[in-house]
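Me: Before I use this model in any calculation, I would like to go through it step by step, with each answer reasoned out and ending on the value or name I ask for.

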Amino acid sequence: SILPIRSFIVLLIGCLAINLSLCFSSFPSSIKTLNVEGHFSFDNNEFAARDFGNRFRFLPSAVLHPKSVSDIATIIKHIWQKGPGSKLTVAARGHGHSLQGQAQAPQGIVINMESLSGQEMKVHTGRFPYVDVSAGELWINILHECLKFGLAPKSWTDYLHLTVGGTLSNAGISGQAFRHGPQISNVHQLEVVTGKGEVTICSEEQNADLFHGVLGGLGQFGIITRARISLEPAPKDDFSTFARDQEYLISAQNTFDYIEGLVIINKTGLINNWRSSFNLQDPVQASQFKSDGRTLFCLELTKNFNPGEADKIDQEIESLLSRLSYIPSMLFMSEASYVEFLDRVHAAEIKLRSKGLWDLPHPWLNLLVPKSKIHSFSEGVFGNILTDTNNGPVLVYPVNKSKWDNRTSSVLPEEDIFYLVAFLPQAVPLSTENDGLEHLLSLNKRILDYCEEANLGVKQYLPYYTTQVEWRAHFGQQWEVFVRRKSAYDPLAILAPGQRIFRKAI
Ligand code: FAD
């Protein structure tokens, strides 16, 4: 038991010596003159001397933050050409989650692979889907990108904030390995910069020896710069199931008479029932709707029936429900008269008025989201921008565009099916910060900005814009017709100035 202790002491001394000597070591000036798109950093490189193990700490002389594969190739080629005279070493650093300094390069150059990770990820769908990624990309980002296409890598590690290059240099093992093998068994192709500075594409068919060597190769044969990773269909998440069920219901021949969905996120109180068709009086049932810490996707459905048809209707409902994926213990049914159901929000209004809550500010936001983008929308907005629905209900349900007449002035997204997503909060004055009007308005802005940045093709319903440039963008190709109609029927712009579309000439 003496040996390990002694070697530990030796290491500690070694460590100190290196750190001290660094103050005097000089970085070869020839490297500084190399033409790279990225840059070197010589100070504040502490991060490159640290890792998850937090036991070894060797500072490099410099860190390269590459912008391209050729930056990496240029540096390595330069050192290779110097021959054995140069003592300089190079370590690729992924996310630095090694345990014992594996991604460190004492007095050498650490290549910060994550600075390559901004490069585009390309998901290829089809029979054998795959994704091309930078080796500096974190697996968590790859997951999110692939899910947009309903796909995902097959094999994982337990923790996803690790880089592709880092795990492929080891193996990448987790609970899927029994079925798919480790991550290194699920790679089709790599781009590698060898220790001679050569950029090489390798796969089972091409440069197979390098391919097999690099996978699990502990970074010894080359730096992986890109990888092509095999994908499979991702299991559908709750939102996908919810969306699929709704899309099935609106397209089925024999279906419900009313189909709406709502999202309940992290709600601390009971379901906000101001617009719900049924009264959750049973406390056991009501408590199920507490969504503290979770997200519930609910469907609200009705089936109309005449007296004497109850049995037949029960059978129809049962058959329709059997096609849906819901939590059986969370199925609630109630009966209401036709008018009672249709006038349900008024019943709520009376209640809210009696408490003085009907006249609060209502920063509502209604959006029409194309079906193909509803998953990206859900991912970006529910649980990310919107972290709870305590301020009011959020409705999400699809409609068929074929039921709309395209000669009207309504503006719709460009797809046959689109979703209405309605955020219907009320701003409680002098309440906690998160209920305030300003907070709710800033959430709306973040949602709109996200839709814009992610190019989701969303249209506002009950639109609100303040400039004509925005209105033009909203109407798109319909703008000309809208303007023509305005000049035909209200040429003096007398009508509805509150829409802020046309201004009356003074
Ligand atoms: P780094 O630590 O930065 O680098 C690791 C090694 O790979 C270094 O030698 C480095 O030089 C080299 N390297 C990095 N990038 C490249 C590249 N692009 N080309 C060539 N070489 C490169 N592993 C599993 O298999 N399964 C798990 O479930 C798992 N869970 C973990 C959970 C936690 C919390 C942690 C900290 C680690 C876990 N690991 C697991 C281990 C992990 O896979 C390895 O430590 C991995 O190397 C970390 O990746 P990284 O991006 O942080 O790599």
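Me: Which residue in β12 does G261 stand opposite?
Reply: This is a predicted model, and in it strand β11 (residues 258-265) pairs with strand β12 (residues 295-302) in the antiparallel sense over 8 bridges. Within β12, the residue that G261 stands opposite is L299.

Me: Which residue in β14 is the bridge partner of V263?
Reply: Strand β11 is also joined to strand β14 (residues 394-400), and the two run antiparallel with 2 bridges between them. In β14, the bridge partner of V263 is V394.

Me: What are the edge strands of the open sheet of 6 strands?
Reply: The order of this open sheet is β12-β11-β14-β15-β13-β16, with antiparallel pairing. An edge strand here is one that pairs on one side only, and the twist from one strand to the next averages 25°. The edge strands are therefore the two at the ends of that order under the pairing rule of at least two bridges, namely β12 and β16 (459-461).

Me: Which residue in β15 does L365 stand opposite?
Reply: Strand β13 (residues 365-370) and strand β15 (residues 417-423) pair in the antiparallel sense, with 6 bridges between them. Opposite L365, in β15, stands F423.

Me: How many bridges pair strand β8 with β10?
Reply: Several strands pair with β10 in the antiparallel sense, among them strand β6 (residues 130-134) over 5 bridges and strand β7 (residues 151-153) over 3 bridges. For β6, Y130 has S230 as its bridge partner in β10, while for β7 the partner of L151 is P233. Strand β8 (residues 187-194) is likewise antiparallel to β10, with E191 standing opposite R226. The number of bridges between β8 and β10 is 7.

Me: In which sense, parallel or antiparallel, do strand β2 and strand β4 pair?
Reply: Both strands belong to an open sheet of 4 strands in the order β1-β2-β4-β3, where the pairing is mixed. The edge strands of that sheet are β1 (39-41) and β3 (90-93), each of which pairs on one side only. Strand β2 (residues 62-65) and strand β4 (residues 109-112) are joined over 3 bridges, with L64 having I111 as its bridge partner in β4. The sense of their pairing is parallel.

Me: At about what angle does helix α3 run to β3?
Reply: Helix α3 (residues 69-82) lies across three strands, β2, β3 and β4. Relative to β3, the helix runs at about 160°.

Me: Which residues come nearest to the ligand?
Reply: The shell around the ligand comprises 32 residues, and by class these are 13 nonpolar, 16 polar and 3 charged. The elements giving two or more residues to this shell are β3, α5 (164-168) and β10 (222-233). The residues that come nearest are G94, H97, G165, G166 and G219.

Me: From which domains does the shell around the ligand draw at least three residues each?
Reply: The assigned bounds are 2-115 for one domain and 117-233 for the other. At least three residues of the shell come from each of them, that is, from domain 1 and domain 2.

Me: Over which residues is the pLDDT below 50?
Reply: The chain averages a pLDDT of 88, with 88% of the residues scoring at least 70, and the model scores ipTM 0.98 and pTM 0.63. One stretch falls below 50 and has, beyond near neighbours in sequence, 9 contacts in the model. Where pLDDT is low, the predicted coordinates should not be read in detail. The stretch to treat with that caution is residues 1-25.

Terms used. Residues numbered from 1 in each chain as written. Predicted model: local features only at pLDDT ≥ 70, side-chain atom pairs only at ≥ 80, totals over all residues. Contact = placed C-beta atoms within 7 Å. Axes fitted to C-alpha atoms, helices over the stretch in contact; angles between N-to-C directions. pLDDT = per-residue confidence, 0-100. Near = placed C-beta within 6 Å. Nonpolar A, V, L, I, M, F, W, Y, C, P; charged D, E, K, R; others polar. Domains from an automatic or database assignment.
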